[in-house]
Amino acid sequence: MCNRARMLGEPETIRERFGAKWLADRPMDNRFDPQELVPFGRAYVVREDDRGRGVDVMTWDVLGGQAKRPAKVGTPPRPLAMTNVRQLNLPQWRLLADKSENRCIIPLTEFCEWGRDKDPEMGIKGEMWFATTDQPIFGVAGFWQMIGDKPGFSMVTCDANELVKPIHPKAMITILPEDKWDRWLTGSYEEAVALQRPYPAHLMTVRGPVFPTRTAK
């Protein structure tokens with residue numbers, strides 16, 4: 001499932017597009033790359049609280065490193081980023097999704113799924129990058145929580161549409177129509193879950209396979 005995405009616009013573009021103020025100071029360290037979203041990385045997220053709608057900075061892992069990847073023989077378990085969630089009816093996720101203040105929107109310009117076949121010469125799978133044609137910056141449904149003193153978020157997934165399905169049959173991220181942003185952020189649990197559906201394939205594009213500079217393992 002999607003564990004790589006991009007937000008290629010400027011931070012101020014997010015604020016202007018979503019009608020949001022700043023809820024957090026923008027990080028100034030070199031490790032913060034808001035244009036490339038990867039697990040455990042930080043990203044800009046839109047949410048609402050008693051100050052109104054705003055842009056916050058959160059880590060792409062809603063469990064704060066508590067999830068562990070199964071260990072191989074002779075090695076300790078490794079942290080596993082909880083980046084995508086689909087079953088919102090499960091108790092731990094229902095507790096978050098049920099509260100509008102724990103829902104958020106992740107602004108993106110494109111997201112990646114790995115191609116299904118390896119390149120015969122390079123021995124690696126290419127990246128397939130998806131975008132929308134009707135929204136220059138689109139919003140993905142998500143929810144968040146505080147783990148200690150750090151906020152973390154997850155994207156919500158749904159069934160794959162006809163464009164994504166040949167690449168990733170099981171699921172895709174839940175892209176929200178622009179006129180449904182308010183409902184996701186402020187509506188009831190039932191209203192929010194009703195938005196967990198695939199974005200129209202005819203309003204999306206895909207490019208690839210793109211082969212970044214890396215080697216097969």
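Visitor: How many salt bridges does a search of the whole structure find?
Guide: In this predicted model, a search of the whole structure finds 18 salt bridges.

Visitor: What does Arg 6 pair with?
Guide: Arg 6 forms a salt bridge with Glu 110, and the closest N and O atoms of the two are 3.2 Å apart. The pair links distant parts of the chain, since Arg 6 belongs to strand E1 (residues 5-6) and Glu 110 to strand E10 (residues 110-118), 104 residues apart.

Visitor: Is that buried or exposed, taking Arg 6 to begin with?
Guide: Arg 6 counts as buried, at 15% relative accessibility, and Glu 110 is buried too, with a relative accessible area of 8%. Both count as buried because the cut-off is under 20% relative accessible area.

Visitor: Which residues are joined into one network by salt bridges that share partners?
Guide: Arg 4, Arg 6, Glu 36, Glu 110, Glu 127 and Arg 207 are joined in that way.

Visitor: And Asp 159, what does it form a salt bridge with?
Guide: Asp 159 forms a salt bridge with Arg 86, with the closest N and O atoms 2.0 Å apart. This pair also links distant parts of the chain, 73 residues apart: Asp 159 is in the loop between strand E13 (150-158) and strand E14 (172-173), while Arg 86 is in the loop between strand E8 (84-85) and helix H2 (91-97). Asp 159 is partly exposed, with a relative accessible area of 44%, and Arg 86 counts as partly exposed at 30% relative accessibility.

Visitor: Switching to rings, how many aromatic pairs does the search find?
Guide: The search of the whole structure finds six aromatic pairs. In one of them, Phe 111 and Phe 130 have ring centres 5.2 Å apart and planes at 20°, so the pair is stacked. That pair links strand E10, which holds Phe 111, to strand E11, which holds Phe 130, with their positions 19 residues apart in the chain.

Visitor: Why do Phe 111 and Phe 130 count as buried?
Guide: Phe 111 counts as buried because its relative accessibility is 0%, and Phe 130 counts as buried because its relative accessibility is likewise 0%.

Visitor: Which residues form one aromatic cluster?
Guide: Trp 22, Phe 32 and Tyr 44 form one aromatic cluster.

Visitor: What lies over the face of Tyr 189, and what over that of Trp 184?
Guide: Arg 94 lies over the face of Tyr 189, at 3.6 Å from the ring centre, whereas Arg 103 lies over the face of Trp 184, at 5.9 Å from the ring centre.

Technical notes: Residues numbered from 1 in each chain as written. Predicted model: local features only at pLDDT ≥ 70, side-chain atom pairs only at ≥ 80, totals over all residues. Heavy atoms only, no water. Salt bridge = Lys/Arg side-chain N within 4 Å of Asp/Glu carboxyl O. Helix = DSSP H or I, 4+ residues; strand = E, 2+ residues; numbered from the N terminus. Buried < 20%, exposed > 50% of the residue type's maximum accessible area, 1.4 Å probe, protein only. Phe/Tyr/Trp six-rings, centres within 6.5 Å; stacked < 30°, edge-to-face > 60°. Lys NZ or Arg CZ within 6 Å of the ring centre and 35° of its normal.
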